[in-house]
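Here's a quick walk through a protein model for anyone who works at the bench. Have a look at the fold before reading on.

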Amino acid sequence: MVKKLGKEFLVKTKNIEWAEAYGNYANLHINNEIYPMRTTMSDFILKSRHHGLISVHRSFAVSLNKVHFIEPLVSGDAKIVMQSGEKIRLSRRYKIDLEILVANH
C-alpha cells in the first residue's frame with residue numbers, strides 16, 4: 001500500500017521497474033509513474049529481494065525482469081538500460097552481486 005496525493009494505491013511488487021532512494025523514501029517507478037513509499041532503501045530491498053528486485057547502487061534497485069541490457073563503462077561501473085529506456089547506474093560494488101543473481105535466476 002502506497003500513499004500518493006491523498007489516495008492509497010495497491011502496488012504489486014512485480015510491476016515495479018526500478019526504485020530510487022529519496023531521503024526517507026523509496027520512489028517506486030511503475031509505468032512512468034512515481035510512487036513514494038516511506039521506507040529506507042535497505043529495508044525496501046530486504047522485503048522485495050525475493051520478488052526479483054536487487055540493489056545496483058546504494059541509491060538504486062532494479063527489477064531483473066525489466067532489465068533490457070547492461071552497458072559496461074570504462075570506470076568499471078555500468079549503465080543498466082531498462083525495457084522502458086530508463087538508464088540506471090550500476091556501481092561496480094554491486095556488479096558482482098548482480099552477476100551472481102542473474103546466473104542463478
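What percentage of the 105 residues in the protein do buried residues make up? They come to 37%, where buried means under 20% relative accessible area with a 1.4 Å probe, protein chains only.

## About the model

This is a predicted model, where local features need pLDDT of at least 70, side-chain atom pairs count only at pLDDT 80 or more, and totals for chains, interfaces and linings use all residues. Residues are numbered from 1 along each chain as its sequence is written, and side-chain values use heavy atoms, with hydrogens and water left out.

## Layout

You'll find two helices and 10 strands, taken as DSSP runs (H or I, at least four residues, for helices; E, at least two, for strands) numbered from the N terminus. Following the sequence, the order is β-β-β-β-β-α-β-β-β-β-β-α. The C-alpha trace spans about 45 × 25 × 25 Å along its principal axes.

## The cores

The largest nonpolar core (buried Ala, Val, Leu, Ile, Met, Phe, Trp, Tyr and Cys residues joined through side-chain atoms within 4.5 Å) has 13 residues. Ile54, Val56, Val62, Ile80, Ile88, Leu90 and Leu98 touch the most other members. Two or more residues each come from β6 (53-57), β7 (60-63), β9 (78-82), β10 (87-90) and α2 (92-104), with β9 giving the largest share, three residues.

Take Val62: leaving out residues up to four places away in sequence, its contacts (heavy atoms within 4.5 Å) include Trp18, Ile54, Ile80 and Ile88. Another core, of 12 residues, lies apart from the largest one, and Val2, Ile16, Phe44 and Leu53 are among its members.

Definitions and conventions: Buried < 20%, exposed > 50% of the residue type's maximum accessible area, 1.4 Å probe, protein only.
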